[in-house]
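Welcome, and thank you for taking a look at this model with us. Please have the sequence and the 3D view open side by side as you read.

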There are 2 protein chains.
Amino acid sequence: MEERARLKADQERVEAALRECFRGREPRGDIYDAMEYSLLAGGKRIRPVLTLEVCRMCGGDERQALPFACAVEMVHTYSLIHDDLPCMDDDDLRRGKPTNHKIYGEATAVLAGDGLLTAAFETALEAETGLPAQRTVEAAACLARAAGARGMVGGQVLDMAAEGRAVSRYDVEQLQALKTGALLSAAAEMGCIVAGGTQEERNAVRRYAQKLGMAFQIRDDMLDVEGDEATLGKPVGSDQANEKTTFVSLLGIDECRALVEKLTEEAVAALAPFGAERSAFLRWLAEDLAGREN
Amino acid sequence: MEERARLKADQERVEAALRECFRGREPRGDIYDAMEYSLLAGGKRIRPVLTLEVCRMCGGDERQALPFACAVEMVHTYSLIHDDLPCMDDDDLRRGKPTNHKIYGEATAVLAGDGLLTAAFETALEAETGLPAQRTVEAAACLARAAGARGMVGGQVLDMAAEGRAVSRYDVEQLQALKTGALLSAAAEMGCIVAGGTQEERNAVRRYAQKLGMAFQIRDDMLDVEGDEATLGKPVGSDQANEKTTFVSLLGIDECRALVEKLTEEAVAALAPFGAERSAFLRWLAEDLAGREN
């Protein structure tokens with residue numbers, strides 16, 4: 001349970017830092033409330049945890065990684081707000097709560113997303129932690145690349161294009177690699193950049209995060225079929241109801257289970273250059289996420 | 001006419017650089033076409049011209065300013081795409097052409113805006129021009145602050161809130177200072193940062209851009225009343241038709257004319273620390289914009 005306590009401590013550290021980001025900012029009633037409504041709505045905080053833990057594994061100072069951890073969670077949150085919009089996936093609920101536009105209206109939801117995306121770069125670039133400027137530039141550039149049209153935005157474009165038509169396994173893998181994999185990789189890579197890791201180390205943590213991200217997505221698809229609504233905190237069966245092509249609809253649940261196992265092994269193997277001791281937590285995290293029930 | 005030729009050369013330089021930003025990027029049919037549709041739709045390119053010219057005035061290398069010039073124009077363009085959305089101002093035309101969502105649909109327009117906002121930071125942070133990393137961080141942070149909820153996004157929030165109700169002169173000034181003034185100031189300040197200008201110089205160019213921005217907005221409101229449709233390239237009288245509170249509706253056309261003159265003088269006065277010779281072009285620019293007919 002030592003690792004689980006450490007995960008919880010990381011998550012709490014991220015929560016506390018996110019709560020500070022817009023404290024005291026005006027005007028509350030309009031934009032900052034909407035931004036915080038989604039930013040502080042919970043979630044696993046996997047991306048910022050990756051940033052902190054990779055930084056530690058690479059021998060860096062996690063205080064210097066914290067602004068980048070907050071930044072990547074802001075980018076993730078903005079993408080959820082925009083993805084939920086009526087013109088996109090038109091979702092009313094997110095983590096059991098009304099989506100941003102349901103509470104604040106569509107215009108404010110668009111602006112809250114825009115505000116969070118911009119605030120991510122403010123947070124990353126304005127941090128005064130003594131990090132060498134060259135590392136700040138590299139880490140923020142890494143985030144921008146992963147968030148943009150060659151990464152997450154590109155993934156959402158593919159997702160919209162896939163709606164209502166038959167897609168292949170290759171399509172779904174491509175889509176997920178961009179839509180969720182790119183930002184997870186950037187989360188990990190930023191931790192390594194902050195720590196001053198080598199190019200080889202950057203490649204290794206990126207590979208770890210890509211494998212972990214794909215396993216995470218497949219597990220997500222599985223839980224939508226075989227999960228427990230009470231444990232998950234959301235209705236199951238929505239993918240099938242929406243006639244969505246998922247890893248489960250393409251491969252069946254057994255092959256998905258095997259694939260999650262294989263990807264998790266590959267994620268763990270990618271950590272070899274760091275040695276067993278330093279990589280213990282991130283190994284545990286990959287295995288824990290593979291077996292998660294929510 | 002020497003200054004006008006120089007303005008044209010700057011504009012052409014910016015156009016050429018913007019055309020290069022996404023050259024060869026895939027997939028064309030989806031996101032990059034939508035991003036370029038708006039990015040390359042013309043316009044005065046005042047923000048990037050300010051970045052280049054302030055950099056020159058402060059003794060910097062304009063090649064190092066060019067990525068920031070492109071970045072600020074991307075941020076400006078993203079804001080136009082999102083402002084035009086049905087849930088915002090619901091505009092069908094922009095510079096005489098159908099708005100982004102009219103051509104590409106609402107979902108792609110949201111994503112094209114998101115993609116451009118992100119690409120602005122990619123462009124600023126990935127530039128390899130030999131600029132010291134500390135200046136890259138400061139200039140990109142300046143852009144993020146101006147674009148976000150304390151700047152342009154905050155201005156659009158005020159704009160949406162002002163719709164359909166009486167607003168005071170103070171409200172309109174606040175709104176414009178955030179909605180257009182913040183980004184114009186950042187455009188100028190980034191040029192100064194790239195050039196390694198002093199804090200005093202940064203303050204001076206920011207003041208210049210704020211005054212110029214307010215004058216620009218008032219002139220815009222005037223042209224909507226007394227402009228010539230053919231010269232403007234857009235219909236006049238739209239503010240009155242939309243019952244929009246403008247500087248003209250608040251102050252009348254004569255007081256607006258006097259105010260533009262006063263603000264332009266203040267903009268010019270802000271350039272005093274740079275001396276008459278070095279500031280000649282930016283003085284001319286402020287005066288030219290004050291008297292513009294389109």
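What follows is a short tour of the core, some ring contacts, helix packing and a few individual residues.

Before we set off, please keep in mind that this is a predicted model.

**The nonpolar core**

A good place to begin is the largest nonpolar core, which has 177 residues. Within this core, Tyr208(A) and Tyr208(B) touch the most other members. To get a feel for such a position, try selecting Tyr208(B): leaving out residues up to four places away in sequence, Tyr208(B) touches Leu50(B), Ala267(B), Ala270(B), Leu271(B), Leu282(B), Leu285(B) and Ala286(B). As background, nonpolar side chains tend to be buried together in soluble globular proteins.

**Rings that pair up**

Over all chains, a search of the whole structure finds 7 aromatic pairs. One of them joins Phe22(A) and Tyr32(A) in a tilted arrangement, with 5.6 Å from centre to centre and 35 degrees between the planes. These two residues are 10 apart and link distant parts of the chain: Phe22(A) belongs to the loop between α1 (2–21) and α2 (28–39) of chain A, while Tyr32(A) is in helix α2 of chain A. Phe22(A) is buried, at a relative accessible area of 2%, and Tyr32(A) is buried as well, at 0%.

In chain B, Phe281(B) and Trp284(B) also form a pair, and it is tilted because the planes stand at 40 degrees, with the ring centres 5.6 Å apart. Phe281(B) and Trp284(B) both sit in helix α16 (residues 280–290) of chain B, 3 residues apart, so about one helical turn separates them. An α-helix has 3.6 residues a turn, so residues three or four places apart point the same way. Phe281(B) counts as buried at 3% relative accessibility, and Trp284(B) is buried with a relative accessible area of 18%.

Rings can have charged company too. Arg292(A) lies over the face of Phe216(A), 3.7 Å from the ring centre. In chain B, the charged end of Arg292(B) sits over the ring of Phe216(B), at 3.8 Å from its centre.

**Helices side by side**

Here are two helix pairs to look for.

| First helix | Second helix | Angle | Axis distance |
|---|---|---|---|
| α8 (residues 152–162) of chain A | α6 (residues 106–126) of chain B | about 170 degrees | 10 Å |
| α4 (residues 62–84) of chain A | α9 (residues 169–194) of chain A | about 170 degrees | 9 Å |

How do α8(A) and α6(B) run relative to each other, roughly parallel or roughly antiparallel? With an angle of about 170 degrees, α8(A) is roughly antiparallel to α6(B). On the α8(A) side, the contact is made by Val153(A), Gln156(A), Val157(A) and Met160(A); on the α6(B) side, by Ala107(B), Leu111(B), Asp114(B) and Gly115(B).

Turning to the other pair, α4(A) is roughly antiparallel to α9(A). The residues in contact include Phe68(A), Val72(A) and Val75(A) from α4(A), and Leu183(A), Ala187(A) and Met190(A) from α9(A). Helix α9 of chain A also holds Ser185(A), which counts as buried at 5% relative accessibility. Not counting residues up to four places away in sequence, Ser185(A) touches Arg206(A), Ala209(A) and Gln210(A).

Now find helix α8 (residues 152–162) of chain B. Because 8 of its 11 residues are buried, α8(B) is largely enclosed by the rest of the structure. Among the buried residues are Met152(B), Gly155(B), Asp159(B) and Ala162(B). After α8(B) comes Gly164(B), with a positive phi near 75 degrees.

**Two arginines and a histidine**

Arg95(A) is not a glycine, yet its phi is positive, near 50 degrees. Arg95(A) is located in the loop between β1 (93–94) and β2 (97–98) of chain A. Is Arg45(B), with its positive phi of about 60 degrees, buried or exposed? Arg45(B), in the loop between α2 (28–39) and α3 (46–57) of chain B, is buried with a relative accessible area of 3%, whereas Arg95(A) is partly exposed at 38%.

Our last stop is His101(A), in helix α5 (residues 100–104) of chain A. His101(A) is buried, with a relative accessible area of 9%. Neighbours within four places in sequence aside, His101(A) is in contact with Asp84(A), Leu85(A), Pro86(A), Asp91(A), Glu106(A) and Ala109(A).

Key. Residues numbered from 1 in each chain as written. Chains lettered and ligands numbered in written order. Predicted model: local features only at pLDDT ≥ 70, side-chain atom pairs only at ≥ 80, totals over all residues. Heavy atoms only, no water. Core = buried A, V, L, I, M, F, W, Y, C linked by side-chain atoms within 4.5 Å. Buried < 20%, exposed > 50% of the residue type's maximum accessible area, 1.4 Å probe, protein only. Contact = heavy atoms within 4.5 Å. Phe/Tyr/Trp six-rings, centres within 6.5 Å; stacked < 30°, edge-to-face > 60°. Helix = DSSP H or I, 4+ residues; strand = E, 2+ residues; numbered from the N terminus. Lys NZ or Arg CZ within 6 Å of the ring centre and 35° of its normal. Axes fitted to C-alpha atoms, helices over the stretch in contact; angles between N-to-C directions. Parallel < 35°, antiparallel > 145°, perpendicular 65-115°, else oblique.
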